[in-house]
Amino acid sequence: MKFLLDNIWLIGIAIVSGGALLWPSLQRRGDRISILQATQLINQGKGMVLDVREPAEFAAGHMRDAKNIPLKELSNRIGELDKFKAKSVIVVCQSGVRSAKAVAQLKKAGFAEAFSLDGGVAGWQAQGLPIAK
């Protein structure tokens, strides 16, 4: 007990730093897919890529055959994706934050197979995978 009282600040710092390390993994929402799983779906023709970044970001570089619908326009343009309901929809953004929000919208609209790409386009590029311009 004396040890705990003497080192209360160190124990507090350890708990706070542990929580800070866990926070990003607890904060993630929606279904996620790894880069390896995404490439397998795309190569098998079972996946469609939806890029929810802004048009300028998309023009700077995007995954091959990706369809660009910015996140702020997705609710109005979701009908354009109805023909892909039978496929897995892989949603990408720059880092994976916006795509998680888009996955939630797609799930509400009836897309059972909607996934957010872990790491987004930045993670895709970091693995040395091809980007179209």
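Analyst: A salt bridge here is a side-chain nitrogen of Lys or Arg within 4 Å of a carboxyl oxygen of Asp or Glu. By this rule the structure holds 11 salt bridges. The model is predicted, so local features need pLDDT of at least 70 and side-chain atom pairs count only at pLDDT 80 or more, while totals for chains, interfaces and linings use all residues. Residues are numbered from 1 along each chain as its sequence is written, and side-chain values use heavy atoms, with hydrogens and water left out.

User: What makes R98 and E57 a salt bridge?

Analyst: Their side chains come to 3.0 Å, N to O, and the cut-off is 4 Å, so the pair qualifies. R98 belongs to helix α6 (residues 97-108) and E57 to helix α4 (residues 55-60), so this salt bridge ties together parts that lie 41 residues apart in sequence. Helices are DSSP runs of H or I with at least four residues, strands are runs of E with at least two, and both are numbered from the N terminus.

User: Why is R98 called buried, partly exposed or exposed?

Analyst: Buried means under 20% relative accessible area and exposed over 50%, with partly exposed in between (1.4 Å probe, protein chains only). R98 has 25% relative accessibility, so R98 counts as partly exposed. Its partner E57, at 26%, is likewise partly exposed.

User: How do you know that E80 and K67 meet, and which parts of the chain does the pair tie together?

Analyst: The N to O distance between their side chains is 3.3 Å, which makes the pair a salt bridge. E80 lies in the loop between α5 (71-77) and β4, whereas K67 lies in strand β3 (residues 67-68), so the pair ties together parts 13 residues apart in sequence. E80 is partly exposed at 33% relative accessibility, and K67 is partly exposed at 27%. R77 also forms a salt bridge with E80, with the closest N and O atoms 2.9 Å apart, and R77 is partly exposed at 26%. Through salt bridges that share partners, K67, E73, R77 and E80 are joined into one network.

User: What makes the charged end of K85 count as sitting over the ring of F111?

Analyst: The rule asks for NZ of Lys or CZ of Arg within 6 Å of the ring centre and within 35 degrees of the ring normal. The charged end of K85 sits over the ring of F111 at 5.4 Å from its centre, and that of K107 sits over the ring of F115 at 6.0 Å.

User: How do you know where the buried residues of α3 fall?

Analyst: In helix α3 (residues 35-43), I35, A38, T39 and L41 are buried. Seen down the axis of α3, they fall within an arc of 160 degrees, so they line one face of the helix; the arc is that of the directions from the helix axis to the C-beta atoms. On the other side of α3, L36 and N43 are exposed. The cover over the buried residues includes β1 (32-33), β2 (47-51), β4 (88-92), β5 (114-117) and α7 (120-126).

User: Why is T39 called buried or exposed, and what is in contact with T39 beyond its neighbours within four places in sequence?

Analyst: T39 has 16% relative accessibility, so T39 counts as buried. Leaving aside neighbours within four places in sequence, T39 is in contact (heavy atoms within 4.5 Å) with W124 and L129. The side chain of T39 also reaches the backbone oxygen of L36 at 2.8 Å.

Conventions. Polar contact = N/O pair within 3.5 Å; in protein donor to acceptor, adjacent residues only side chain to side chain.
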